[in-house]
Amino acid sequence: MTITTTTLTRASGLCAVAAGLLFIGVQIGHPDLNAELVTTTEWTVRQSVKVAMAVLSLLGITGMYLRQVRPAGLLGLLGYLLFGAGYLIMLSVEMIGLVVLPAIARSEPAYVNDILAVATGGHAVGDIGLMLPLNLAAAATYLGGGLIFGIALFRADVLARWAAALLAVGALATAAIPLLPQLNQRLFAVPTAVALIGLGYSLWRAERGRAAGTGSSTEALDPAGAR
């Protein structure tokens with residue numbers, strides 16, 4: 001198999017689609033977060049899915065940005081860096097949830113419950129140390145990056161504009177999570193997930209069309225893109 005820019009870009013599109021599907025799937029039937037849940041197999045499975053989702057999302061948005069470097073401009077670069085940082089921090093938080101929290105859930109249940117409360121937009125009763133600024137940084141970069149990156153993709157008009165607009169709106173709407181009950185919070189994952197699926201498919205389809213039109217899969221990335 002020959003590895004080309006077209007092949008890698010199409011693969012990144014599929015990564016975004018998979019990330020969106022996982023993002024929706026992991027929300028289905030999600031139980032309330034508490035220290036008891038952290039010790040279960042269900043927690044391990046769900047956290048593993050979240051880790052995979054963060055990695056796939058990062059690969060997906062990287063392909064989206066590289067596909068339209070010039071038309072996205074400085075706004076696109078800023079949005080990509082912020083959004084990418086958001087997913088990197090999210091990855092670290094989910095890894096802590098997967099590896100660290102189960103190990104201390106029985107000995108330090110109050111601490112674990114405080115971390116889970118902050119992660120869902122609530123407040124900690126005790127001191128959770130650097131986990132507080134880490135969660136705040138994850139929220140700020142994810143929300144700000146999603147909004148700016150979505151606007152940049154919409155303006156670039158290379159990938160599906162409806163999906164780019166949905167990404168921006170979904171990121172902005174997520175800021176309302178602290179004001180809502182935990183049961184409703186998971187609904188806010190759907191717009192972003194659908195946006196990732198739409199953008200990923202659009203990226204994959206555009207690259208497939210270019211390859212079919214040129215009869216070659218070895219051409220360099222063209223920032224102009226198919227509309």
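Hi everyone. Let me begin with one definition: a residue is called partly exposed when its relative accessible area falls between the buried range, under 20%, and the exposed range, over 50%. Arg161, at 35%, is therefore partly exposed. Please keep in mind that this is a predicted model.

I'd like to talk about salt bridges today. Searching the whole structure turns up three of them.

Since we have already met Arg161, let's start there. Its side chain pairs with that of Asp157, with an N to O distance of 3.7 Å. Asp157 has a relative accessible area of 22%, so this residue is partly exposed too.

Next, have a look at helix α3, which covers residues 41-67. Arg46 and Glu42 both sit in this helix, four residues apart, or about one turn. Their side chains form a salt bridge at 2.9 Å, N to O. How buried or exposed are these two partners? Arg46 has 13% relative accessibility, so it counts as buried, while Glu42, at 34%, counts as partly exposed.

Now for the remaining pair, Glu207 and Arg67. Their closest N and O atoms are 2.4 Å apart. Which parts of the chain does this salt bridge link? Distant ones: Glu207 belongs to helix α9, residues 189-214, and Arg67 to helix α3, with the two positions 140 residues apart. As for accessibility, Glu207 is buried because its relative accessible area is 0%, and Arg67, with 0% relative accessibility, also counts as buried.

That's my tour of the salt bridges. Thanks for listening, and I'm happy to go back to any of the pairs on screen!

Terms used: Residues are numbered from 1 along each chain as its sequence is written. This is a predicted model: local features need pLDDT of at least 70, side-chain atom pairs count only at pLDDT 80 or more; totals for chains, interfaces and linings use all residues. Side-chain values use heavy atoms; hydrogens and water are left out. A salt bridge is a side-chain nitrogen of Lys or Arg within 4 Å of a carboxyl oxygen of Asp or Glu. Buried means under 20% relative accessible area, exposed over 50%, partly exposed in between (1.4 Å probe, protein chains only).
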